[in-house]
Structure formats: C-alpha cells, structure tokens
Amino acid sequence: MASNLFIVIVGCGRLGAYLANRLSRAGHGIVVVDYRMEAFDNLSSDYSGFRVEGDAAELAVLKQAKVDKADLLIATTRDDNINLMVAQAAKAEFGVPRVLARVFEPRREDVYRRLGVETVCPTSVAAELFLKSVCQENES
Amino acid sequence: MNVLIVGGGKAVYFLCRTFLAKGHQVTLINRDPDECVQMARRLKLTVIRGDGSDPAILEEVGVQAADAVLAVTPNDQDNLAVCQLATTQYGVPRALALVNDPDNEKVFRKLGVAAFSTARTIASLIEQRTDLDEITNLIPVGEGKVNITEVRLQPTAPVVGKTLRDLALPADSLIAVVLRQGEALVPRGDTQLHAGDQLVLITLPGNHGPVLRAITGENR
Amino acid sequence: MEAKPVLIVDDEKNIRLTLSQALEALDLETDTAVNGEEALVRLAKKSFGLVLLDLKMPGMDGMEVLRRLRQTRPDIKVIIITAHGTIDSAVEAMKLGAVDFIQKPFAPKEIRELVTKVLNRDEIAADKARHYDEHVELAKKHINRREFDVAQEHVRQALAVDSTKPEAFNLLGALIEIRGDRLEALKQYRAALALDPSYEPAAQNVQRLVVRQQEGGQISFGKKQRPGEERR
C-alpha cells in the first residue's frame, strides 16, 4: 500500500473507528465522518486525523470532508444503502479512485459488483470462515 | 401499467390514488404496519409491509413484472437502492427516485437513475416569480434540462393577437401546443394566439423566466 | 525552499500530528506549541520562517498571538487554520497581514501545496511578473507585509492581464473591505462570483456580508489549483 494516502472513512462505529485508528497509525491522512458526536469516542487517543460531524447521505457533508481530495473512501455505516450511495457518489461525483463499502445483505453484493462498487460482506465472509472451520474440524 | 411504489405518508397515498384513478395496477411497499393497514383499507392496491430495498421483499411482490418503480421514501439512499436493484437486478424498464437533497439529483443521474427533487422544483417555482394562478404544471423533465409549463393567456398578455412567427421569443424555447376551447392545436408560424388560449411551453431552465415574461407580460 | 523552521500552533494533538507529518515530506523542520502562550515563548527563542496558526484556541486565541507576533516579527509568514463554518474576524487577520487560510479538514497534499506556495512567494521577481497568477501571489506577499497599496497595485495588474478569472476580483474585494467600504467590496465579490459561480471563496464572502449581520467574518482568499494537479 502506498504511503501517505488521504482516506475518508464514513461511519465511526466499531469497524470505522478500528480502521481509522490503524490507518492513522500507519501514517495516512484520515477524515472520519459520523452524524453522532459520541461515535468519535471510539477513536483512540493517538488518532491523528480529522473528524467531521454530519450525515454522509448529504453531498455537502462529503464535500466538507474533502472527499474530492481522497485517494480512498471506505463506507462503514450500519446501513447498507448509505454505504452504497456514498461509495457511488464518491466515485461518480468526486472521482475518488477507489471506494470500498461494507454491505451486510449478501443478496445485494451481486448488483453492486455489477455497478462497479467493491464490497465487503461480513455475513458472507463470516459464513465462509465458519464453514471452513467446521469442515476442518470434521475432517480431523 | 404495473406500478410499484416504495414509501409512505400522505403524499404517497395521493400518488397511489392518482395512479389507480388512471387505471394502473399499484403495489405499495411500506415499512409502517399501521400505514399499511390504512392504505389497504382505503385503496384498491396490494400492500406489503417491509423494506423496499430488500431483494427478498422485492421478489415477494413480483418486481420483475413491474413496468415502473417509484421510490419516494424520505431517505435518498433507500430510494437509490430501490431503483438500482429494480433496474439492474430485475430489469424493470422505468424507475424514478425522489431525492430530498437536491445536490443528489445530479449524482443519481450520473449513476443512471432518473431523479426528481421537490426542494429544487418548489424553490424554482418561487424564484421564477411566476403567477401561480395562470401558470401551472411546472415539470422538469428530460433529466432536469427541460421545463414544460402550461400558461393561460390573459387578454392583457402582449402576445395576444400575434402569430407565432411575430413573437420574439428567446432562443431555445418552443410553444408546443395551444389548447383552445377543448381543442389541441400544434401551432405553426401563422397560428394566431387568442386570449384564453392555454399554451404548453417548452423552455430551458436558463430562459424560463424571460420566456414567461415575454408571453404573459408580467414583470414582478 | 526556505531552510527556516516552521512553528505549528494548535491545541488539538491530531492537527499538530497531521501537520508535522505532512511537512516532513517537504524536508522542513517543525516545532509545535499547544497554545498561544507557548507559541510566543518559542517564537522569542527561535527564528521561524512560517507559523501555522489555529485561530480558535483556549486561553490566548490565535488573533492575539498574531497581534503580538506582528509587534516583534513583522515579516514572519503566517497560515491560518480555521474550522468549517466558523466566523473569524478575517478583516482583523488580514489587517495583521494574514492572507492564507486553510480550512479543516484538509488533505496532507493541500497543506503541503499551500506551504510551498507561501514560502516560494519571495522567489517571484516583481519586475518580471507577467502572468495573472504571479501578480496574485505578489499581491498576497504584500498583504503579508501589510503593504496594502502595493498589493492593490498587483491586483490591478492581474486584472489587466485577465479580467475573466475570479481570484483577483475576490482579492480586490478583500482589500476594499479592509479599508472599510463593505458595499464596494460586495460588488467585487459578486463580480468574482458572476465570473465563476463555483468559486467558493467569493461565495463565502458574499454570504458573509449579505447574510450575517454581525461584525467580522472570514474573508476567503482561496487557493489556486495548479493546472495538472486538479482531480478531474
């Protein structure tokens, strides 16, 4: 991974905060967006990035977060639809080269892959890992 | 037409009623159980309680058979998801999303989803300072690049008595239809305008104000 | 590039970290101060070439630091860091020679570009300046030194070169506003906006004068995007 990327992370829940802390520690410039002030408490004390309080579903908030300067955007809110809209807006409107979206509902993955959005589906990932573990256990 | 509508609230009730009155089949997906019961009671449509952006729910209502999908929830992200699923996954020929944040209108269009912003439309209605009595049905169509307006000519309108050829209308505007005493005329250069005529105007957002002023003579 | 060190003054640790990290890449030595008092102490002890100053800090605020700084080091360059949507007394700041602002959040690239531009202003030869951008930069350099008449002259020259760009009109408005003529300033901001409705700094200035009735407000000077470095 290139050093010193400018990354916007939408959603400061457990996943968003975790990514923000790790990526910030790795030396990248980070902006975290969340509409709840309390969410920023999830950030570690040595988090060196910015915080923007606002609803990422509003284009103006994405502009405020300087998404137009981002090398990468990661959408990690709890709402699949917000993640997908933000990811697509980032690409289509702001030209962000790479966007990632967390999507909980496996049945949405297909459509969005076809629309050019890179998704990570925790449900599918967990299912695969569980199955793998179960099969291994059965074999041994 | 088979119309699938996702959303709730009073406006949606009237939207459903409008489509039903025109003879279309309407299916409604709504999240609120009470509202679902109300809608089912008052209107002759199929109501499903659920999340319209959930592929499972869409399949349950038979979205593949829909001719058009309207996503009119208060959340732009849900409306986008409904329309994208409907067209990309299920091949529905027409999908229209309501956008609450007017900034999202152009984004949705870039993503290939027809979008409509009430905030922008109402604001432009006010800003154009049009007299709402004489001028109705301001609809932005053609992806917001074209306005279609209906204007009734008062006797005092400067264009009364003139032929279309004589009018000095701004460029890129068109009087598409003249409605006169129940008849619709497609006007030509020699068509003369009378008081009481209803004109259907096609304008671009940029020249809309000037065209209306030229026709109605109003300067507010 | 200047070898003199840069002083970063901000009460928020993350900003101090972001800025030091960003400037590391420019091979610039940086020192930090967590508040106004510490900033003044450091400024007295060492010779800095540039100060990155947050206006809103607890205790002695940035404007006071700027005021005191001007008494002892009139030539030092300053970049003001502001938060989104805050109304700071920009007329005040510009009177004290601060014409470069950056709004949080910002990408490391943005601050690096701005610092480079500010530090390189001295390199522009006034007598050889031909292009629009050079005159705009020279105008800013003279605002830094509170030589407002010279600054205005460069703005006029910029306009003579190219009267279709918004930057010079916006700067002219700012200079006029400093002199106290808000009505005339508003005309220039509006002219800038008419030329380019998407030019944020002018839009902010118009909004500030028209919408907000209270005294003060941030004059937005904008930053130039160098061609080839624009995203789209």
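Where in chain B is the place of B:Gln181? In this predicted model, B:Gln181 sits in the loop that runs between strand S9 (174-180) and strand S10 (183-185) of chain B. The backbone there has a twist to it: B:Gln181 is not a glycine, yet its phi is positive, at about 45 degrees. As for its surroundings, B:Gln181 has 8 other C-beta atoms within 10 Å, so it counts as exposed, the cut-off for that being 12 or fewer.

The rest of chain B gives this loop its setting. Chain B holds 7 helices and 11 strands, and 33% of its 220 residues count as buried. Taking the contacts in chain B between residues at least 6 apart in sequence, 51% join residues that are at least 24 apart. Another loop, between strand S8 (146-152) and S9 of chain B, is home to B:Ala168. B:Ala168 is exposed too, because 8 other C-beta atoms lie within 10 Å of its own. From B:Ala168 to B:Glu60 there are 108 residues along the chain, and the C-alpha atoms of the two are separated by 56 Å.

Chain A comes next. It has 5 helices and 6 strands, and reading along its sequence gives the pattern β-α-β-β-α-β-α-β-α-β-α. The radius of gyration of chain A is 16 Å, close to the 14 Å that the globule rule gives for 140 residues, so chain A is as compact as a globular protein of that length. Along its principal axes, the C-alpha trace of chain A spans about 50 × 35 × 30 Å. Buried residues account for 49% of the 140 residues in chain A. Among contacts in chain A with a separation of 6 or more, 46% come from residues 24 or more positions apart.

One of the residues worth a look in chain A is A:Lys66, found in the loop between helix H2 (59-64) and strand S4 (72-75). Its phi is positive, about 60 degrees, although A:Lys66 is not a glycine. Is A:Lys66 buried or exposed? With 21 C-beta neighbours inside 10 Å, A:Lys66 counts as buried, because the cut-off is 20 or more. For background, most residues other than glycine have a negative phi, and most peptide bonds are trans.

Chain C brings in a peptide bond of the other kind. The bond from C:Lys104 to C:Pro105 is cis, with omega near -10 degrees. C:Pro105 belongs to the loop between strand S5 (100-103) and helix H5 (108-120) of chain C.

Chain C is also divided into two parts, namely domain 1 (6-121) and domain 2 (124-211). The C-alpha centres of these two domains of chain C lie 22 Å apart. Where they touch, domain 1 of chain C puts in 9 residues and domain 2 of chain C puts in 11 residues. On the domain 1 side, helix H4 (residues 90-95) of chain C supplies the largest share, 3 residues. Sorted by class, that side of domain 1 has 3 nonpolar, 1 polar and 5 charged residues.

How do the chains meet? There are 2 pairs of chains in contact, and chains A and B share the most contacts. Chain B gives 18 residues to this contact and chain A gives 18 residues. On the chain B side, the elements that give two or more residues are helix H3 (55-60), helix H4 (76-89) and helix H5 (103-110). H4(B) provides the largest share of that side, with 9 residues. By class, the side of chain B that touches chain A splits into 7 nonpolar, 6 polar and 5 charged residues.

Chain A also meets chain C, where 16 residues of chain A are in contact with 14 residues of chain C. On the chain A side, strand S2 (29-34) and strand S3 (50-53) are the elements that give two or more residues. The side of chain A that touches chain C has 6 nonpolar, 7 polar and 3 charged residues. Chain B and chain C, for their part, are joined by no contact, and their closest C-alpha atoms lie 14 Å apart.

Notes: Residues numbered from 1 in each chain as written. Chains lettered and ligands numbered in written order. Predicted model: local features only at pLDDT ≥ 70, side-chain atom pairs only at ≥ 80, totals over all residues. Helix = DSSP H or I, 4+ residues; strand = E, 2+ residues; numbered from the N terminus. Rg over C-alpha atoms; globule rule 2.2 N^0.38 Å. Contact = placed C-beta atoms within 7 Å. Domains from an automatic or database assignment. Nonpolar A, V, L, I, M, F, W, Y, C, P; charged D, E, K, R; others polar.
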